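Please open the model in a viewer and keep the sequence panel at hand. The tour proceeds by selection, one part at a time.

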Amino acid sequence: MTTTTASAESGERTVRENSPGAARGPRRTGRIKRIGLPYLLLLPALLLELLVHLVPMVIGIVMSFKELTQFYIRDWGTAPWSGLDNYQVSVDFDAPVGEALLHSFLVTVAFTLLSVGLCWLIGTAAAIYMQDTFRGRGLLRALFLVPYALPVYAAVITWVFMFQHDNGLVNHVLHDQLHLTDKPSFWLIGDNSFVALLTVSVWKGWPFAFLIVMAGLQNIPGELYEAAALDGAGLWQQIRRITLPSLRPVNQVLVLVLFLWTFNDFNTPFVLFGRSAPEAADLISVHIYQASFVTWNFGTGSAMSVLLLLFLLVVTGVYLLLTSRGRKTADV
Amino acid sequence: MRSIRAAAVGAVTMSLALAASACGGGSSTGGGSNDSPKTLTYWASNQGASIAVDKKVLQPELDKFEKQTGIKVKLEVVPWSDLLNRILTATTSGQGPDVLNIGNTWSASLQATGALLPWDAENFDKIGGKDRFVDSALGSTGAQGKDPAAVPLYSMAYALYYNKKLFADAGIAKPPATWDELIADGKKLSKGGKWGLGAEGASLAENIHHTFVFAKQHGADFFTADGKPDFTNDGVVTAVKQYVDLMAKDKIIAPGNAEYAQNQSVSDFAKGTNAMLLWQSASANLKSQGMSEDTYGIAPMPVQSGTPGTGTNVNSMVAGINLAVFKNTDNLDGATKFAKFMTGDAEQKILNTAYSTIPPVKTAQSEAAFNSPANAVLKDTLAKSAVALPQVADESQFETAVGTAVKELFAEAAAGRPVTTDSVKAKLEKAQQQMPTK
Amino acid sequence: MSSTSSTARSPMAPPRSFLWSRRIFLTLLTGFVLLPVYVMVSSSLKPLADVSGKFRWLPSGLTIRPYIDIWSTVPLARYFVNSLIVAGAATVCSVVIAVFAAYAVSRYQFRGKRVFTVTVLSTQMFPGILFLLPLFLIYVNIGDSTGIALFGSRAGLILTYLTFSLPFSIWMLIGYFDSVPRDLDEAALVDGCGPLGALLRVVVPAAIPGIVAVAVYAFMTAWGEVLFASVMTNDTTRTLAVGLQGYSTLNNVYWNQIMAASLVVSVPVVAGFLLLQRYLVAGLTAGAVK
């Protein structure tokens with residue numbers, strides 16, 4: 001069997017050494033096998049993505065142009081085309097449907113920014129603090145991963161139990177024991193629900209940031225710190241000048257991934273609030289779920305999902321543009 | 001190069017094929033058949049204290065049915081949180097049960113999808129005729145002027161449950177008959193950590209059931225005669241305000257109830273924290289929580305004035321469970337036989353006794369169990385002073401929109417913020433605008 | 001775990017301010033993290049009266065009744081098995097497919113590579129709700145036309161979950177494979193293995209931490225998914241994610257049982273996660289650094 005080695009080309013991400021002119025198989029069978037193999041390897045992944053993600057998404061987009069309510073759900077192919085009606089309804093911010101969608105969108109943006117920010121802050125701080133070995137570090141690190149490891153429904157239902165107005169721990173501590181409020185607050189309904197949602201999301205999400213940053217910290221060479229220490233830089237200065245900048249590539253990806261996951265998060269608000277979320281915590285994923293599954297209005301629900309997708313595409317595009325530009329200047 | 005192109009073409013073709021295949025409605029538009037005459041799939045709703053209880057109640061009856069007809073029934077008890085979703089996916093995919101329980105308030109919405117078998121005269125004859133059923137129960141089986149989309153199975157009505165000891169301690173001789181009396185009694189009972197009444201403030205369904213009755217008592221309705229939503233007329237606004245005021249103004253409901261959506265008010269009543277409870281057929285539930293029947297009394301729900309009756313003296317919605325058949329079942333004969341079995345006198349007596357509900361079949365109502373003092377109140381209410389929720393196709397949107405509005409009003413009341421006619425009207429206005437316009 | 005690059009600032013001991021700020025921060029954080037865990041554990045051992053009234057820090061009496069009752073209130077064992085089958089199969093398949101795909105991207109240059117990676121990664125931002133109904137329609141149609149039951153079956157759920165975890169897994173493995181030196185590949189190829197042999201004999205063993213990380217991620221994704229499970233399962237194939245909700249729709253809310261059940265379904269995942277965390281960190285180290 002002929003062995004051929006594909007000449008390595010530098011990828012976009014890492015710099016690899018070019019293996020100098022290894023024999024490019026002159027025989028046809030070798031070349032076809034070389035060409036065909038990557039596609040073969042990719043095929044299962046591609047097929048699955050088509051089946052589960054891409055084709056349904058296209059159908060979902062098609063559905064957004066139809067008037068798909070309970071009258072037509074039995075045979076959605078025959079539902080009448082409604083053109084851009086569903087979109088118009090969704091973005092008409094003076095009408096109740098559009099207004100509710102805008103409100104939900106703004107709540108989600110605020111929530112996502114706060115959640116990602118807090119997760120990142122706490123995760124990074126914890127990773128930096130836990131760098132050095134100290135007694136109990138291993139145990140603490142294992143403990144810190146528990147919120148992330150717990151299945152969503154188990155974690156959130158515990159918080160629901162804690163946030164109950166009458167019998168919950170939160171009110172018991174705040175009102176009965178610490179006397180911080182003069183009467184027990186509502187956490188699952190009303191305005192405080194935003195704080196409750198944020199708390200649960202941060203509790204569950206920060207260990208992921210912790211993990212990634214911790215992994216990133218491992219790759220910072222110790223010599224940098226030693227050199228800085230010899231130059232007289234204090235610890236806090238070292239963190240500011242060395243640690244944080246070195247983490248930038250890691251952080252860029254981390255923040256983007258966290259943003260996308262948090263923005264699209266359905267499980268947390270659904271288990272926390274059920275089908276009808278309070279206004280203050282009306283996240284867009286549950287809002288769209290309510291607009292489609294609960295009110296049988298799949299055309300409008302699909303249109304809203306498409307708008308959400310477009311928004312996320314734009315945000316990701318802009319983010320990548322900004323960060324790659326930043327990276328180019330940093331590499332100089 | 002050829003292989004790449006071939007692969008690409010293959011991928012595109014396959015995607016198109018998949019997309020095309022998903023476009024077709026498949027068998028969902030087909031009619032029923034008798035391809036599998038020996039089996040039936042039945043989705044039952046959760047009527048008992050737990051799914052296990054439902055299985056225990058139903059399985060012996062299904063075995064009886066199998067002995068009688070040779071048809072094996074595959075039972076699945078679906079929790080309420082899932083049932084409507086599952087029906088929806090069954091409707092869309094064309095793959096679902098043959099027979100199923102539906103909440104009777106869903107009848108018109110599901111009827112609009114066209115997925116349920118209509119019960120015309122011919123089908124009704126197969127189960128013994130339409131006039132076997134109580135009129136009020138039949139009123140909740142679909143839109144007016146159309147054939148019913150389901151047949152009544154279990155009937156329930158709202159009643160006022162009151163704690164005899166707490167009443168005696170507060171010196172109240174008999175249960176209140178009007179809302180004013182209820183408020184007065186409630187105030188006497190709301191002290192020392194106890195409250196006069198409970199409510200499921202966060203339950204959309206409960207909110208609808210109560211405000212609907214209040215509206216009727218003010219001579220108003222949520223929908224106009226031709227089925228258009230009208231949530232902001234004076235009668236409806238007064239009605240909603242009256243219900244929320246029980247917490248906001250009269251303060252006979254604990255603020256914590258604004259969060260209740262899992263029948264906590266029933267538990268509160270069973271524990272003796274609340275002295276009164278407005279609930280549908282609560283006896284079985286109370287018994288499972290350890291409250292014995294002689295500790296509480298049952299009275300008709302209050303009216304604005306006078307005694308329960310029709311018109312503005314209704315005091316309950318017609319609650320209940322209907323039995324429906326999916327149009328595209330592959331055992332049409334078996335399904336109608338099953339409907340006949342379940343609505344037959346014998347089964348009606350057995351099942352309604354087990355669930356402490358009232359049979360909607362007139363001839364089954366003569367059983368002693370349904371004439372106990374407890375059930376007598378429910379039966380009377382059903383016969384004389386209960387009215388069906390609007391049988392419109394948008395019923396589930398109505399439940400979501402108005403139910404959420406009331407939930408938010410309760411949240412404001414619980415937070416201590418004022419609930420005024422204007423704030424009520426504003427919330428109802430918003431709810432109305434969320435109803436579909438087409 | 002920190003063996004290689006020493007990031008300890010050994011020439012200088014950390015200043016006092018660092019040490020006590022660390023102590024305070026970590027203590028508060030530990031409290032924050034532990035609080036719900038304590039609630040879960042303690043409530044699962046409380047009698048029903050304790051969890052139906054005002055919150056108590058300490059149980060009035062310890063009882064293991066909830067752990068016995070949970071199996072009968074709801075068919076928890078069946079849900080457990082279903083979740084295990086679905087998550088396990090999804091994980092194995094996802095890892096295998098991701099390994100192949102990542103190897104192709106990492107080691108080969110070919111047309112459409114960029115398109116592939118971008119497409120796969122962009123699926124991360126698809127809102128689940130957009131393709132929920134269409135996906136289930138497709139499954140139904142496949143079932144109708146070919147007789148392969150996807151809707152309502154475990155197979156359909158497995159297919160769905162393995163695809164969910166694919167993008168992130170492929171992306172992580174690409175990064176990890178990139179850090180495995182190509183010399184290893186070439187050495188294997190010279191020895192007479194085909195490219196696939198090189199993959200299996202050399203690259204995969206060198207990338208075990210990354211693969212374990214991917215496996216853990218895929219398992220957790222499948223174990224915890226709620227939305228699709230609620231639509232795509234029936235009574236026989238229901239998973240824990242949906243089944244646990246069954247405790248809350250009964251006429252009473254048995255909080256102690258809910259806590260016990262939550263604990264029971266969490267233990268395998270948490271235990272596995274903690275055991276394998278070492279790999280997870282190592283896997284992320286290489287994968288996260290671009």
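What percentage of the 332 residues of chain A count as buried? Select chain A to begin: in this predicted model, 50% of those 332 residues count as buried. Colour chain A by secondary structure next; the display should show 13 helices and zero strands. Followed along the sequence, the pattern of chain A reads α-α-α-α-α-α-α-α-α-α-α-α-α. Among contacts in chain A with a separation of 6 or more, 60% join residues 24 or more positions apart.

Now add chain C and select the contact between the two chains. Chain A supplies 99 residues to this contact and chain C supplies 88 residues. On the side of chain C that touches chain A, the elements giving two or more residues include helix H1 (16-44), helix H4 (76-107), helix H7 (154-178) and helix H13 (255-288) of chain C. Select H13(C) within that group: with 16 residues, H13(C) makes up the largest share of this side. Colouring the side of chain C that touches chain A by residue class gives 60 nonpolar, 20 polar and eight charged residues.

Finally, colour by confidence. The model has an ipTM of 0.83 and a pTM of 0.84. For chain C, the mean pLDDT is 82, with 91% of residues at 70 or more. Then select residues 1-11 of chain C, where the pLDDT is below 50. Beyond near neighbours in sequence, this stretch of chain C has 21 contacts in the model. Predicted coordinates should not be read in detail where pLDDT is low.

Terms used: Residues numbered from 1 in each chain as written. Chains lettered and ligands numbered in written order. Predicted model: local features only at pLDDT ≥ 70, side-chain atom pairs only at ≥ 80, totals over all residues. Helix = DSSP H or I, 4+ residues; strand = E, 2+ residues; numbered from the N terminus. Buried ≥ 20, exposed ≤ 12 C-beta atoms within 10 Å, placed from the backbone. Contact = placed C-beta atoms within 7 Å. Nonpolar A, V, L, I, M, F, W, Y, C, P; charged D, E, K, R; others polar. pLDDT = per-residue confidence, 0-100.
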